[in-house]
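Subject: Structure for your review

Dear colleague,

Please find below the structure that I am handing over to you. I would be grateful if you could read the notes that follow it with the structure open beside them.

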Amino acid sequence: GEDGVVDEVTGGGHPLDVDRLSAGERQLVAIAIVWGLVSCSAKLLPAIIDTSLGRLDGEHRKHLVQNYFPSASSQVILLSTDEEINTGYYDMLKGWVSREYELSFDKNRGSSFFTDGYPFAEVA
């Protein structure tokens with residue numbers, strides 16, 4: 001719309017009402033828009049992607065892991081929950097990964113801390 005809000009997207013040549021899309025479908029539309037903007041930009045900017053797989057089914061998760069994450073930008077930071085990137089997705093991504101960290105919460109200290117590595121990387 002004129003206010004910069006996406007009111008309608010097209011799928012297969014037919015308009016789709018954004019209000020009728022599921023949360024996962026709206027997430028895919030947002031990712032597609034960002035991917036398109038990054039692809040058209042002449043600037044190399046990092047992409048920070050937070051919990052991008054949470055609302056998606058297995059087919060769409062696999063597609064993002066294989067096609068989007070490796071080419072989203074020259075530097076991609078993925079923030080995921082412990083249930084989003086499983087060993088299968090991790091195996092698909094590990095060739096593209098340069099650093100891994102786990103963020104954990106310590107109840108006794110009342111704060112979070114980082115440790116090197118992905119929680120199951122040594123098992124994968």
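The notes below go from the overall fold to the core, one buried acidic residue and the salt bridges.

Please bear in mind throughout that this is a predicted model. The protein has three helices and six strands, which follow one another from the N terminus as β-β-α-β-α-β-α-β-β. Its chain comprises 124 residues, of which 23% count as buried. Among contacts between residues at least 6 apart in sequence, 51% join residues at least 24 apart. The accessible surface amounts to about 9100 Å², and carbon and sulfur atoms account for 52% of that area.

Turning to the interior, the largest nonpolar core contains 15 residues, and those touching the most other members are L53, L64, V65, Y68, F69 and I85. Two or more residues of this core come from each of α2 (58–68) and α3 (87–93). In soluble globular proteins, nonpolar side chains tend to be buried together. The surroundings of I85 may be worth viewing: beyond its neighbours within four places in sequence, I85 contacts L53, L78, S80, Y90, L93, Y118 and F120.

E84 deserves separate attention. This residue is located in the loop that connects β4 (76–79) with α3. E84 is buried but takes part in no salt bridge. The nearest side chain of opposite charge belongs to R61, at 5.6 Å, whereas a salt bridge requires the nitrogen and the carboxyl oxygen to be within 4 Å. What the side chain of E84 does reach is the backbone nitrogen of L53, at 2.7 Å. Leaving out residues up to four places away in sequence, E84 touches T51, S52, L53, G54, R61, L79 and Y89. L53 thus appears both among the contacts of E84 and among those of I85.

As to salt bridges, a search of the whole structure finds two. One links K94 with D91, with 3.6 Å between the closest N and O atoms. K94 counts as partly exposed because its relative accessibility is 41%, and D91, at 39%, also counts as partly exposed. The other salt bridge joins the side chains of D106 and R109, with an N to O distance of 3.1 Å. R109 has a relative accessibility of 54% and therefore counts as exposed.

With kind regards

Terms used:
Residues are numbered from 1 along each chain as its sequence is written. This is a predicted model: local features need pLDDT of at least 70, side-chain atom pairs count only at pLDDT 80 or more; totals for chains, interfaces and linings use all residues. Side-chain values use heavy atoms; hydrogens and water are left out. A nonpolar core is a set of buried Ala, Val, Leu, Ile, Met, Phe, Trp, Tyr and Cys residues joined through side-chain atoms within 4.5 Å. Buried means under 20% relative accessible area, exposed over 50%, partly exposed in between (1.4 Å probe, protein chains only). Helices (H or I, at least four residues) and strands (E, at least two) are DSSP runs, numbered from the N terminus. Contact means heavy atoms within 4.5 Å. Lys and Arg count as positive and Asp and Glu as negative; His and the chain ends are not counted. A polar contact is a pair of N or O atoms within 3.5 Å; within protein, one must be able to donate a hydrogen and the other to accept it, and residues adjacent in sequence count only if both atoms are side-chain atoms. Accessible areas come from the Shrake-Rupley method with a 1.4 Å probe; for residues, only the protein chains shown count as cover.
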